[in-house]
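Me: Please take one part of this model and look at it closely, then connect it to what surrounds it along the chain. I would like the helix packing treated with care, and after that the ligand shells and the unusual backbone geometry.

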Amino acid sequence: MLEINAQETAKVKGVSRRDFLKFCSMMAGVLALPHSYTNYIEQALAAPKRLPVIWLELQDCAGCTEALLRATQPTVSQLVLDVLSVDYHETIMAASGNLAEEAKEATIKAGGYLLVVEGSIPQGDSEFYCTVGGKSAMQLLNEAAANAVAVVAVGNCAAFGGWPMASPNPTNATYVSELIKDKPVMNLPGCPYNPVNLTAAVVHFLTFGELPAMDDLHRPLFAYGARIHDNCPRRGHFDAGEFVVDWGDEGHKRGWCLYKMGCKGPVTFHNCPAVEYNDGTNWPIKAGHGCVGCSEPGFWDLGIYNLADLQQYAPPTTFAPVQLPTQKIDPGTAGVIGAVAGVAVGAAGVAAYQALSKKDEDAPTPPEEKK
Ligand code: SF4
Ligand code: F3S
């Protein structure tokens, strides 16, 4: 197997050392790591090793594979893929038929690979609605997971069932973490997932030898630790009560809040406002449509244009509610009460956010300190 590292690949592809370091620094940023960790990332990517990958496409639309292929900065993202050895990906590999299956079997036998899964898995009487090479999706997943070091479920279908599992779930579909219980499983939901987050997760794995910290839905906190609503550029309009109420109305032209058009930003955790899609070109809300909640379980059944439940993640009221005055007060006192209320609500929001966000002291142990 060809031994190559990211820096050598960068040279071959005409990427300067400066751009390579910028990439390492950007990855530290996406992973919410202290800037000093850039050096560890650089060292990890410079090491001459390749991590074998098996990528299974099961019950899906291939949108996540398309997202991977449409990343238009192969000079950086491809760098990471070049430190991976993608031994099996039926959509993009040159081999087909028995040759392709043999490549996969050899990788499984050798062990120590990362298994990436795209698509949901039909089960029970419907198991054979999805077959590849005469084997059901269920058989393929169990075989490939057996010797994997970790499993990454990309896209909503693999992470939470996606559209195949939407009501009435005609193929009795399920998702990866429901089936694989004896391996670390990381979910990167989205419809499609964002390749930046797969790149960052792989960089984390190569740098620290472990998957990043995750929430209770197996999603890495660096990418799913904050609500869309809390980082949305239209949030000021939400707070001011300025809403779009019809497509193309004056509020829409002015970039007002899309909540009344069904935006699910208040109930959706994803880093879209920070990293955007298509190499930072755009993302749904910036393009003028509400978030449909594609990184959350069961989003298809929420109804794209139904109102989001604003109470779903309301911070618990652990503080005494501010008593409103019953008598006339002077403007100075009103200002103090307003400030107290603002601080109390703000503190609850910050506490909720901090509980979900990685703090510096939570950053993974640097590789050299592990030895
Ligand atoms: Fe942004 Fe949607 Fe929240 Fe409005 S409801 S501020 S558009 S995330
Ligand atoms: Fe999906 Fe909403 Fe982001 S629809 S892509 S989570 S803005």
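Reply: What follows begins with helix 10 and its two helix contacts, and then turns to the backbone and the ligands.

The model is a predicted one, and the values below are computed from it. Helix 10, which spans residues 195-208, packs against helix 2, residues 17-30, at an angle of about 100°, and the two axes lie 10 Å apart. Because angles of 65 to 115 degrees count as roughly perpendicular, helix 2 and helix 10 are described as roughly perpendicular to each other. On the side of helix 2 the contact is made by Phe-23, Met-27 and Val-30, while helix 10 contributes Val-196, Asn-197, Thr-199, Ala-200 and Val-203. Sorted by class, the residues of this contact between helix 2 and helix 10 comprise six nonpolar and two polar, with no charged residue.

Helix 10 also meets helix 3, residues 38-46, and here the axes come within 8 Å and cross at roughly 85°. That crossing likewise makes helix 3 roughly perpendicular to helix 10. Tyr-40, Ile-41, Ala-44 and Leu-45 of helix 3 are in contact with Val-203, Leu-206 and Thr-207 of helix 10; Val-203 of helix 10 thus appears in this contact and also in the one with helix 2. The contact of helix 3 with helix 10 has six nonpolar residues, one polar residue and no charged ones.

The loop between strand 9 (185-188) and helix 10 holds Pro-192, and the peptide bond that joins Cys-191 to Pro-192 is cis, with omega near 5°. A cis bond also links Ser-167 to Pro-168, where omega is near 10°, and Pro-168 is placed in the loop between helix 8 (155-160) and strand 8 (173-174). These features deserve a remark because most peptide bonds are trans and most residues other than glycine have a negative phi. On the latter point, Glu-276 has a positive phi of about 55° although it is not a glycine, and Glu-276 is found in the loop between helix 14 (272-275) and helix 15 (331-356).

As for the ligands, the space taken by ligand 1 is the largest cavity. Ligand 1 has 13 residues around it, of which His-229, Cys-232, Cys-257, Leu-258 and Cys-263 come nearest, and its shell divides into nine nonpolar, two polar and two charged residues. Around ligand 2 are Ile-228, Thr-268, His-270, Cys-272, Tyr-277, Trp-283, Pro-284, Cys-291, Val-292, Gly-293 and Cys-294, a shell made up of eight nonpolar and three polar residues, with no charged residue.

Notes
Residues numbered from 1 in each chain as written. Chains lettered and ligands numbered in written order. Predicted model: local features only at pLDDT ≥ 70, side-chain atom pairs only at ≥ 80, totals over all residues. Heavy atoms only, no water. Near = heavy atom within 4 Å. 1 Å grid on protein atoms, 1.4 Å probe; cavity = no way out; pocket = protein on both sides within 12 Å on 5 of 7 lines; lining within 4 Å. Sits in = over half its atoms within 2 Å of the grid points. Nonpolar A, V, L, I, M, F, W, Y, C, P; charged D, E, K, R; others polar. Axes fitted to C-alpha atoms, helices over the stretch in contact; angles between N-to-C directions. Helix = DSSP H or I, 4+ residues; strand = E, 2+ residues; numbered from the N terminus. Parallel < 35°, antiparallel > 145°, perpendicular 65-115°, else oblique. Contact = heavy atoms within 4.5 Å.
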